[in-house]
Structure formats: C-alpha cells, structure tokens
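This report is meant for a reader who is meeting the structure for the first time. Please look at the model before reading on.

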Amino acid sequence: MKSKTMKVLHPVAGRSMVGHVLAAVQGVGPRRIVAVVGHQREQVGPHIQALVPDAVLAVQEEQRGTGHAVRVAVEAVAQEALSGTVLVAYGDTPLLESESLRRFAEEHEAAQRAVSILSGLVERPTGYGRVLRGDDGEVEGIVEEKDATEEQRAIREINSGILAFDAAFLLDALPRLSNDNAKGEYYLTDTVQLARAAGLHVGAHTIDDVEQTEGVNDREQLARTGRVMNDRIVSRWMREGVTVMDPATTWIDADVVLEPDVTLLPGVQLLGATVVAEDAVVGPDSTLKDCEIGRGARVVRAHGELAVIGAEATVGPFSYLRPGTQLGVRGKIGAFVETKNAQIGEGAKVPHLSYVGDAEIGEGTNIGAGTIFANYDGVAKHRTKVGRHARTGSNNTFVAPVEIGDGAGTAGGSVIRRDVPPGALAVSSGPQRNLEEWALQKRAGTEQADAAAAALGAVEESD
C-alpha cells in the first residue's frame, strides 16, 4: 500500500478492510474469533479489540507462512476448546459476506470433510493456485501457477485461500507441516495432501461471487473494491425502497441507515453512522457524516458532520453544519450559513450569510442576514442565547456571552454587547450623519466625483 497505515486498516465504505471481514465472520456466529497479528500490530490489535472486544489476539512474531500463522492462532486458545469447524479467513478481503461463509461451513460439515476450500471460477486465473479435482469430485490438491503444467494452468477453478477444517484434523496436521520449499514457509494448503494421505475427505465449495474472495494489495485495488462495495450498498438500499437518482455519483458507507421513501439526488455522500428518516430528500451535492436527518427534511448542497436535522427542516444551499448543530422541527439553516455547537429551536430560522457558533436560538426566532455570533474572545469560547420568537436585524454581531430575551428585537447593523430584555428593541448604532459634497471635496477628479457633480447639477437645475 506504500502507507504508514497498515493495509487491513485502510477504509472501504467507511469501515476498515479487517472490520468488514470481522463483520462477515461474526455473522456466522462463531464461538471464538482469533485474530493473528504481526507487522504493525500496535495499530491492528487495538482496532480489532475495539470492534470485537472478546476477540483473542495471537501474535505472529515472524511471518513464516499461513500454516505458521494458523498454528500461532491455535496455540493462543485452549486446545480442549477447539472442536467442530475452524474457518480461516484473511483480513484483506473486505467484500466477503456472512451468507457465503455460512453456506461454505454448512457444506463442509454436511460432507464431513477434513478440509474444505472456498474456490471460485474465473475467466483469467493467472496468478492463482489451481484446484485439482479427481474423477469423484474430491479435491486432490492445490498447485501454484509456477509449479503447474500447461494442462493444469488451463483449470479455471482457483483457490481463494479461505479454508474450513475439522478441528481434530487441524490439530494433528499443523505440527506435521514442513517448510521444505523455496520460501522456507509453512503453507496451510499442504494440509490437503496430509488429509488425502490419511484417506480423509477434501472438497471445495465454489462461490458464485468470486469477487468476495479477492484481496486488496495496492491503492488501485482499494479503489476498485470500494466501487464494488458501494454498488452493492446502493443496490441494497434501492431494493429496500430508497430512491437513488444517480447511483454512479452516490456514495453510502456500510453503517449508514436509510428508511423507505428517502430520496438521494446526484452527488450525495452519506458517511459514517448517518441515519436518514423516511420522506427526507438529500442532495444534490451534499456530504453528511455521522448525521441524523429527520422525517421529511430537505438538505440541498450542504456539508454536515455530527449534526441533527429535525423533521421537515430545511438546510442549504451551501450550508456548513459543524459538530453539535441541532436544528429543530421545521427549522431552517439557509444559504451560506455556518453553524457549530448550536441548538436552533422548532421553526427557528437562520436564512442567510451568517455564522452561528456556541448558540441557543429559541422557537420561532428569525436571525437576520449577515449575523455573526462572536463566540471567541481569543482565549475561551462563550455562548449566546436568543429567546423565543425574537426578531434580529441584518448585519448584527452578538458578542458572547449575551442573552436576547423572548420576543425581543435588534436593529440592523447593531453590535449587541449587553443582554436585551424580553420584548425590548436593542439599537447600538448612532444617528446617521451626512457630510454634504464629500465626494467633490475628497475624491475630486474621480468618476465618483464626476457622477456626484452631475447629479448635484441636475438637482440644482430642477430646483
């Protein structure tokens, strides 16, 4: 990956690659999950335990092959607890799904096999190990491409590396694996020959969607896998009753929750743990991360993070909702408005060109255009509270901490530094003064002065 981030921690649809694999594994209902970690385990281990607190971490100090990795995993748990089926999966296969693993395990157990291989049929198997079957359909072995004959290279059934074992056989086979090969590694696939030599059943379960087994090894594959994952997610939500106007430009993370009759317009990104209620319309060109969108709300060309938008509220266009924003039922955050840590009450409106930070705005209040909630004094943040059904003028500055009472008003252009009592009108600007013929005196020879002179001459002629 050429990255300081461990490969399996790179995100796909808002979840790490290994996070997707853990979710698929958990869907099978295992008694125990053992994660083998080695390189950069200081990153990977805590991440896995945050997702699955009861997972066992097995440390592979030296990376000596897949067989050695599974042996480390087995040694990390009490052997008397190992019974039934052991599934082996890989942390870089984020497209893997629970249902596929479940069917794989069920077939393995029903056939009473010692080893089962999750295989796939591909048009171009170059680079993969081929699955060799006998006339009875049993798997006779796995041959790597570099060791295969021309006839074997023509085989389209490939080994995904995902395996199922009878636990008793696995415990017996692991100590007998050899590293007598070019790489000096212990290969887990050598268990196939050990099982065959013992006269035990070995089989392969061919997965319909072989993309589920593909690993990610570079940024190009990461992007391609992300597109496949997103297509699956978008298709699933459309089948659940969500309207997606343009699936090609709509991105939905794996943990997003949508209700039926949500409409997503082109250019929408729903990220993190965002939840959108029924009849809401999002887009076009909106990005929401970890947001909650109420029933029937409308979000247009907006960016939001850790924000709550109430039912039937409207946001945008070109609004920026920062963490801590809460917009009440039928409220409005309009064009070119930025909010942060602001609670805006039911039916309250901040329609135009304003910054609302560290604020509480009461029910039914209207904030005039161009208003600034000056919440920072250079050292600390302070709150502004505006009461119910207040009416503030345009181009106001509220110097926090300050409180505007219920039903109060503020005049246009005012700088509010002191509390305004309920029902009062606050006016902070002085009376207007006009300096006659200022342009002629101070801007002589300019177009401004010429225009003023012409206008004044016209007035005198008219008089």
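## Helices, a pocket and a sheet

In this predicted model, the axes of α1 and helix α2 (residues 41-51) come within 11 Å and cross at roughly 35 degrees, and the crossing in which α1 passes α2 is right-handed. Where the two helices touch, Val18, Gly19 and Leu22 in α1 meet His47, Ile48 and Leu51 in α2, and by class this contact has four nonpolar, two polar and no charged residues.

Helix α1 also takes part in the second largest pocket, since α1 (17-26), α4 (98-110) and α8 (219-239) each supply at least two residues of its lining. About 380 Å³ of space lies in this second largest pocket, and of the 16 residues that line it, the closest to its centre are Arg15, Leu96, Glu97, Met229 and Arg236. Helix α8 gives the most to the lining, with five residues.

The table sets out the class make-up of the two groups of residues.

| Group | Nonpolar | Polar | Charged |
|---|---|---|---|
| Contact of α1 with α2 | four residues | two residues | no residues |
| Lining of the second largest pocket | eight residues | two residues | six residues |

Turning to the strands, seven of them form an open sheet in the order β11-β14-β17-β20-β23-β26-β28, with parallel pairing. The edge strands are β11 (243-244) and β28 (349-352), each of which pairs on one side only. Strand β26 (residues 332-335) and β28 pair in the parallel sense over three bridges, and the bridge partner of isoleucine 333 in β28 is valine 350.

How values were computed: Residues numbered from 1 in each chain as written. Predicted model: local features only at pLDDT ≥ 70, side-chain atom pairs only at ≥ 80, totals over all residues. Heavy atoms only, no water. 1 Å grid on protein atoms, 1.4 Å probe; cavity = no way out; pocket = protein on both sides within 12 Å on 5 of 7 lines; lining within 4 Å. Points joined across faces, edges and corners; volume = space filled by probe spheres on them. Helix = DSSP H or I, 4+ residues; strand = E, 2+ residues; numbered from the N terminus. Nonpolar A, V, L, I, M, F, W, Y, C, P; charged D, E, K, R; others polar. Axes fitted to C-alpha atoms, helices over the stretch in contact; angles between N-to-C directions. Left-handed = near helix turned anticlockwise from the far one by under 90°. Contact = heavy atoms within 4.5 Å. Pairing = 2+ DSSP bridges.
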